[in-house]
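Please find below my notes on the model, set out point by point so that each can be checked against the coordinates.

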Amino acid sequence: VKPVAAEKLCEVLTRAAERLAVDPPSVVISCEGASRKLYESEILYAESFLHDLVIHTKTQEYRIKENISAFAGRLSADFFRVHRSYLVNLEYVRNISARALEGGAELPLARGKYDEIHRAFIERN
C-alpha cells in the first residue's frame, strides 16, 4: 500500500461524507442482465417465490434471484419482515390488523409478528 498524504486523505474522506449525506438510502439489484439502483423510498414491499424475489416499487416490479433474508440485510430499519415471504417498507403501511397489513396492497401478517410490527410502526411514525 502506498503512503498517502494526510491532506489528500482528508479531502477524499470529506467529499465521500458529503456525498453520503446527500444521497438517499438505496440498494443495487441485478435484474434482466443489468444492474439497477433502487432508492429505498421507491420500494413498497418485496415477496419471495421459491428462489426468486419480486420487488414491488411505485412504478413497476423487479424479479431477482436473491434470498429474502439476504435482501433484507441490505436494507435499512425502515423495512420489516412481516411474514417469511414478505418484507414491507414501513413508510407505506397504513393499517395493521390481526392478519394483514394494508398500504399499496394487502399483505399477510404472520401470527407471531403482530406485536413487533405494531411497535415498529409506532416508532417509525
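1. I begin with an aromatic residue, and with the reminder that this is a predicted model. Tyrosine 86 has a relative accessibility of 16% and therefore counts as buried, the cut-off for that class being under 20%. Tyrosine 45 is likewise buried, its relative accessible area being 13%.

2. These two tyrosines deserve a look together, since a search of the whole structure returns one aromatic pair. The ring centres of tyrosine 45 and tyrosine 86 are 6.5 Å apart and the ring planes stand at 40°, so the pair is classed as tilted. Tyrosine 45 belongs to strand 3 and tyrosine 86 to strand 7, with their positions 41 residues apart in the chain, so that the contact links distant parts of it.

3. The strands that carry this pair are themselves joined: strand 3 (residues 43-49) and strand 7 run antiparallel and are connected by three bridges. Within this pairing, tyrosine 45 has valine 88 of strand 7 as its bridge partner.

4. Both strands belong to an open sheet of five strands, arranged in the order 5-4-3-7-6 with antiparallel pairing. The edges are taken by strand 5 and strand 6 (79-83), each of which has a single partner strand, so one side of each remains without a neighbour in the sheet. On average, and with direction ignored, neighbouring strands of this sheet are turned by 20° against each other.

5. Turning to charged side chains, the search of the whole structure gives seven salt bridges. One of them joins lysine 65 and aspartate 52, with an N to O distance of 2.8 Å. The pair links distant parts of the chain, 13 residues apart, with lysine 65 in the loop between strand 5 (61-64) and helix 2 (68-73) and aspartate 52 in strand 4 (residues 52-57). The two partners differ in their surroundings: lysine 65 counts as exposed at 69% relative accessibility, whereas aspartate 52 counts as buried at 15%.

6. A second salt bridge is formed by glutamate 91 and arginine 124, whose closest N and O atoms are 3.6 Å apart. Glutamate 91 is in the loop between strand 7 (86-89) and strand 8 (95-96), while arginine 124 is in helix 3 (residues 114-124), so the contact ties together parts that are 33 residues apart in sequence. Glutamate 91 is partly exposed at 30% relative accessibility, and arginine 124 is also partly exposed, at 29%. Elsewhere, salt bridges with shared partners join Asp52, Arg63 and Lys65 into one network.

7. The hairpin of strand 1 and strand 2 should be examined separately. Strand 1 (residues 26-31) and strand 2 (residues 34-39) run antiparallel and are joined by six bridges, with valine 27 standing opposite leucine 38 of strand 2. As a general point, side chains in a regular strand alternate between the two faces of the sheet. In strand 1 the covered face holds Val27, Ile29 and Cys31, and the uncovered face holds Ser26, Val28 and Ser30.

8. Two residues lie between the strands of this hairpin, and glutamate 32 adopts a positive phi near 55°. Glutamate 32 also forms a salt bridge with arginine 36, with the closest N and O atoms 3.7 Å apart. Of these partners, glutamate 32 is exposed, with a relative accessible area of 72%, and arginine 36 is partly exposed, with 30%.

Definitions and conventions: Residues numbered from 1 in each chain as written. Predicted model: local features only at pLDDT ≥ 70, side-chain atom pairs only at ≥ 80, totals over all residues. Heavy atoms only, no water. Buried < 20%, exposed > 50% of the residue type's maximum accessible area, 1.4 Å probe, protein only. Helix = DSSP H or I, 4+ residues; strand = E, 2+ residues; numbered from the N terminus. Pairing = 2+ DSSP bridges. Salt bridge = Lys/Arg side-chain N within 4 Å of Asp/Glu carboxyl O. Axes fitted to C-alpha atoms, helices over the stretch in contact; angles between N-to-C directions. Phe/Tyr/Trp six-rings, centres within 6.5 Å; stacked < 30°, edge-to-face > 60°.
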